[in-house]
Amino acid sequence: MSNENNLVLPEQYAHRVTPFFASQEDFYKNRDEFYSKVKPELEELNEKRRRSEEAAQIKRYR
Amino acid sequence: MIKDETSILSYVVFDEIDSWETVFRLCSGFLTDCSKKRLQQINVPSVIVEKQYIDKDYRNTFSKFHSKKFVTPTARCIRLHLFTKDIDFENPETIQWESAYAGYIILRPTLPNSIGRTLLKPDLFNLKGSYLCLCTEKVMVNGVGMKIQGFPFISQDTDATVCAQSSLWMLLRFFSNRYRWYKETYPSDLTSLVKSHPQGRSMPGAGLTMMQMADALRDLGFAPLLYDKNEYKVDFLKFAYAYMESGFPLLLGLPQHVVVAIGHLSDFSAPGKVSSFDYFKGFIINDDNGLPYAKLSDNKSDNIFSYDLSSIDSFLVPLPDKVFLSAEQFDTLVTQLLKLLQNDGNKIPVLKRMFLTTGRSFRKKALERYGHLPEVRSFYLKNPLPHFIWVCEVSEPDIYSKSLQCTGEIIWDATRNAFDSHLGLAIHLPEVLIFDNGAAWNMREDYRQIEGVKEIPYKIYNNNLEEV
């Protein structure tokens, strides 16, 4: 089902063209570029989380 | 002056003759010199001493632990009620008593650490420039019901509970007082929870690891995250601050000790900053070895035990189970998104402020915050938002430090995985508002733009913490 005509707000907000995304194709291109940039950073953050959890099993607080 | 000295309920007004020493005499056998010194730091003019008080938390550890000893302490406690002015003790009257009520301290017969469940108003302490997580309790004294707002405190008894259980108790009592869907947890419940994740004996308390505390919280329905300073380095405190700004009390790991961060200290007088974290000066903590509302800043002399911010080696944030996006993931996503928008020619204010909140609270506040921006207000009121959202407010440093206002925000669905391909739910920048219409309809991304948005600064969102 398409959401072509489903708008949260009335027609005045129906503009698809934005300074950010010229079209839906442009959006997908931007999004894919964006995720290719952030993915390695997010993976490194996952590693930090794993190592933090390992460290949390050692120190004892009393 | 002392009234009804030999009764169950006595009233002491501090004057030339009577002082904290009179209160201590009435509490004979319940306090060591060290505890007396702690209480004497609290400046109040009058105290009601309620003897033979049955405290639900102490009775819980008494039943499970203290009663099993050959020499047992009494099962009863003393409750001290503090007032900020002299009250009409003979004629209890709710309005007069409540206006002067500053909270209670329960004394347990567990020497040397006898300060039990405590809830005091933060106004009793010098906390100018601080923002705190607070909850409310209703207290009944002499038939008078009074509301009191503060952060729960308890000291360890060194037998059944040590600092780890005390800190967990403070954290959990805050949640059960503030949110009806968290049930009240007692000290022995914590011991039972930790028993299922054993690392040595549970009683007498030998201390807990941060992971054991996280496991206990997980069993109670939280989804805690753990941060180690060695991993996050310069960003370590920035993420702790972001969670604190979101209204989550934190467990802070110090050398051999754990305390609860219950708020932050900020100084907005310094100009030229690029993040709200740059104004951060320290945490307000509940350290079970001291009094509530202690400071932990860059300055060791601010803390009675000489801890400073560099003493924090780890922290735990008790997130709700529906929050799948962490602070550091959101920080990475929003930083990259702002770069992308800037490269695309958009005007991006330089100062960022990050926090997590509920979509419901954000919309509730939208009504008043976006009064001069009808398009934005209308959008936030009508557009469905997820249960939890990460928000990055943007502002100019001068606007932020002088009037605590912002000029836009990026909103991200906190119930999404960081790796979900998504560019945020709403991007509101000066003169532009882009939103994902698809998310509103539970469909694939479909970004739309709302035109005619003006650049008018508005109040930063503030719902999570109380300014003191």
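Which residue in S2(B) is the bridge partner of B:Ile2? The partner is B:Val12. That pair is a good place to start reading this predicted model.

Some ground rules come first. The model is predicted, so local features need pLDDT of at least 70 and side-chain atom pairs count only at pLDDT 80 or more, while totals for chains, interfaces and linings use all residues. Residues are numbered from 1 along each chain as its sequence is written, and chains are lettered from A and ligands numbered from 1 in the order in which they are written.

**The sheet of chain B**

Helices (H or I, at least four residues) and strands (E, at least two) are DSSP runs, numbered from the N terminus. Two strands pair if DSSP finds at least two bridges between them. In chain B, 6 strands form an open sheet, in the order S1-S2-S3-S4-S5-S6, with antiparallel pairing. Strand S1 (2–3) and S6 of chain B stand at the edges with a single partner strand each, so one side of each is left without a neighbour in the sheet. S1(B) is joined to strand S2 (residues 9–13) of chain B by 2 bridges, and the two run antiparallel.

A cis peptide bond runs from B:Leu111 to B:Pro112, with omega near 5°. B:Pro112 sits in the loop between strand S5 (101–107) and strand S6 (115–120) of chain B.

**Cores and covered helices**

A residue is buried if 20 or more other C-beta atoms lie within 10 Å of its own, exposed if 12 or fewer, and partly exposed in between; C-beta atoms are placed from the backbone. A nonpolar core is a set of buried Ala, Val, Leu, Ile, Met, Phe, Trp, Tyr and Cys residues joined through C-beta atoms within 7 Å. In soluble globular proteins, nonpolar side chains tend to be buried together.

The largest nonpolar core has 115 residues. Within this core, B:Met213, B:Ala240, B:Leu250, B:Ile285 and B:Trp412 touch the most other members. Helix H5 (residues 163–178) of chain B supplies the largest share of this core, 9 residues. Apart from this core lies another, of 27 residues, including B:Val12 and B:Val49.

Two residues are in contact if their C-beta atoms, placed from the backbone, lie within 7 Å. Leaving out residues up to four places away in sequence, B:Leu250 touches several residues, among them B:Ala240, B:Tyr243 and B:Phe315.

Two helices are mostly covered. In H9(B), 9 of its 10 residues are buried. B:Ala240, B:Tyr243 and B:Met244 are among them. B:Gly247 follows H9(B) and has a positive phi, near 90°. In helix H7 (residues 210–219) of chain B, 7 of its 10 residues are buried, including B:Met210 and B:Met213. B:Gly221 follows H7(B), again with a positive phi, near 100°.

**Positive phi outside glycine**

Two residues of chain B have a positive phi although neither is a glycine.

| Residue | Phi | Loop in chain B | C-beta neighbours within 10 Å |
|---|---|---|---|
| B:Asn142 | about 55° | between strand S8 (135–141) and strand S9 (144–150) | 12, exposed |
| B:Lys233 | about 45° | between helix H8 (229–232) and helix H9 (236–245) | 10, exposed |

**Chain A and its partner**

Chain A has 62 residues, and 13% of them are buried. The chain holds 1 helix and 1 strand.

How many residues of chain A are in contact with chain B? There are 35, and they meet 54 residues of chain B. Helix H1 (24–55) and strand S1 (60–61) of chain A each supply at least two residues of this side. H1(A) gives the most, with 15 residues. By class, this side of chain A has 18 nonpolar, 7 polar and 10 charged residues. Here Ala, Val, Leu, Ile, Met, Phe, Trp, Tyr, Cys and Pro count as nonpolar, Asp, Glu, Lys and Arg as charged, and the others, Gly among them, as polar.

The chains also share strand pairing. S1(A) is joined by 2 bridges to strand S10 (residues 208–209) of chain B, and the two run antiparallel. A:Arg60 has B:Thr209 as its bridge partner in S10(B).

**Domains**

Domain bounds come from an automatic or database domain assignment. For chain B, the assignment gives domain 1 (2–155), domain 2 (190–317) and domain 3 (327–467). The C-alpha centres of domain 1 and domain 3 of chain B lie 45 Å apart.
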